[in-house]
Amino acid sequence: METAATATSTPSDTDFRARLLVGLAESISTRGFRDSTVADIVRNAKTSKRTFYDQFASKEECFIELLRTNNEALIAHIIDNVDPQAPWSEQIRCAVVAYVTHIDANRAVTLSWIREAPGLGAAARPLHRLADDEHDAHQRGPERPPPIDRTQPWRQRRRIGRRRV
């Protein structure tokens, strides 16, 4: 027999993290990142400061996580909206529309990325590296060769099929 205590499940850490990220996004849209406080974030997330600090060391760490998840959502949105079998012009059109749609739906977060992330300095470097790595891996795909080493011009030529490029 199931009791009321076992029927109600306690929220997991991922639930709290997600709520805190949504709380930060709401705070950014109303106050901006600089003027947002941990108190604003936890008020929007309907949780406590203790829960916030159990999940993140600082407001900046929470912001970096928000930007990372936003970037993952952007990439997923573009991939979902582009048909790799379509002509290249259609793929580009679909990718641009998906990109602009996502940016429009997340204006405040996108603007804060542009305005505030550079000011985070070394703390934001892993975020930039992660985005670059994900982009490079997606662009290369399993069938594409690694990029050409542009630092050595004499090695830029490579064989593709029977042609030399």
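At what angle do helix H2 (residues 13-31) and helix H7 (residues 107-116) pack, and how far apart are their axes? The legends below take up this pair of helices and then other parts of the structure, which is a predicted model.

**View 1. The packing of H2 against H7.** Helix H2 (residues 13-31) and helix H7 (residues 107-116) pack at an angle of about 80 degrees, and their axes lie 8 Å apart. That angle makes H2 roughly perpendicular to H7, since values of 65 to 115 degrees are counted in this class. On the H2 side the residues of the contact are Ala25, Ile28 and Ser29, which meet Ala108, Val109 and Ser112 in H7. Sorted by class, the residues of this contact comprise four nonpolar and two polar ones, with no charged residue.

**View 2. Ala108 in the contact of H7 with H2.** Ala108, whose place is in helix H7, is partly exposed, with a relative accessible area of 25%. When residues up to four places away in sequence are not counted, Ala108 touches Ile28 and Ser29. Ala108 and Ile28 are 80 residues apart along the chain, yet their C-alpha atoms are separated by 6.3 Å.

**View 3. The packing of H2 against H5.** H2 and H5 pack at an angle of about 95 degrees, with 10 Å between their axes, and these two helices are therefore roughly perpendicular to each other. From H2 the contact draws on Arg17, Leu20, Leu21, Leu24, Ala25 and Ile28, while H5 contributes Cys62, Phe63, Glu65, Leu66 and Thr69. By class, the contact of H2 with H5 contains eight nonpolar residues, one polar residue and two charged residues. Ala25 and Ile28 of H2, which take part in this contact, also appear among the H2 residues that meet H7.

**View 4. The packing of H5 against H6.** Helix H5 (residues 59-81) and helix H6 (residues 88-105) pack at an angle of about 145 degrees, and their axes are 8 Å apart. The crossing in which H5 passes H6 is right-handed. In H5, the residues Asn70, Ala73, Leu74, His77, Ile78 and Asn81 meet Cys94, Ala95, Ala98, Tyr99, Thr101 and His102 in H6. The contact of H5 with H6 is made up, by class, of seven nonpolar and five polar residues, and no charged residue is found in this contact.

**View 5. The buried residues of H3 and their cover.** Which residues of H3 are buried? They are Val38, Asp40, Ile41, Val42 and Ala45, and what covers them includes H2, helix H4 (49-55) and H5. Ile41, one of these residues of helix H3, has a relative accessible area of 0% and is buried. Leaving aside neighbours within four places in sequence, Ile41 is in contact with Leu20, Gly23, Leu24, Phe52 and Lys59. Ile41 and Leu24 stand 17 residues apart in sequence, and the distance between their C-alpha atoms is 5.0 Å. Leu20 and Leu24, which are among the contacts of Ile41, are also among the residues through which H2 meets H5.

**View 6. Lys46 in the loop after H3.** Lys46 lies in the loop between H3 and H4, just after H3, and takes a positive phi of about 55 degrees, although this residue is not a glycine. At 70% relative accessibility, Lys46 counts as exposed, whereas Ile41 in the preceding helix is buried.

**View 7. The whole chain and the confidence of the prediction.** The protein has eight helices and two strands, which follow the pattern α-α-α-α-α-α-α-α-β-β when read along the sequence. Of the 165 residues in the protein, 27% are buried. Among contacts between residues at least 6 apart in sequence, 55% join residues at least 24 apart. The average pLDDT of the protein is 80, and 70% of the residues score at least 70. Among the elements, helix H3 (residues 38-45) has the highest mean pLDDT, 97, and helix H1 (residues 4-7) the lowest, 42. Over residues 1-9 pLDDT stays under 50, and for this stretch the model has one contact beyond four places in sequence. Over residues 153-159 pLDDT also stays under 50, and here the model has 14 contacts beyond four places in sequence.

Definitions and conventions. Residues numbered from 1 in each chain as written. Predicted model: local features only at pLDDT ≥ 70, side-chain atom pairs only at ≥ 80, totals over all residues. Heavy atoms only, no water. Axes fitted to C-alpha atoms, helices over the stretch in contact; angles between N-to-C directions. Helix = DSSP H or I, 4+ residues; strand = E, 2+ residues; numbered from the N terminus. Parallel < 35°, antiparallel > 145°, perpendicular 65-115°, else oblique. Contact = heavy atoms within 4.5 Å. Nonpolar A, V, L, I, M, F, W, Y, C, P; charged D, E, K, R; others polar. pLDDT = per-residue confidence, 0-100. Buried < 20%, exposed > 50% of the residue type's maximum accessible area, 1.4 Å probe, protein only. Left-handed = near helix turned anticlockwise from the far one by under 90°.
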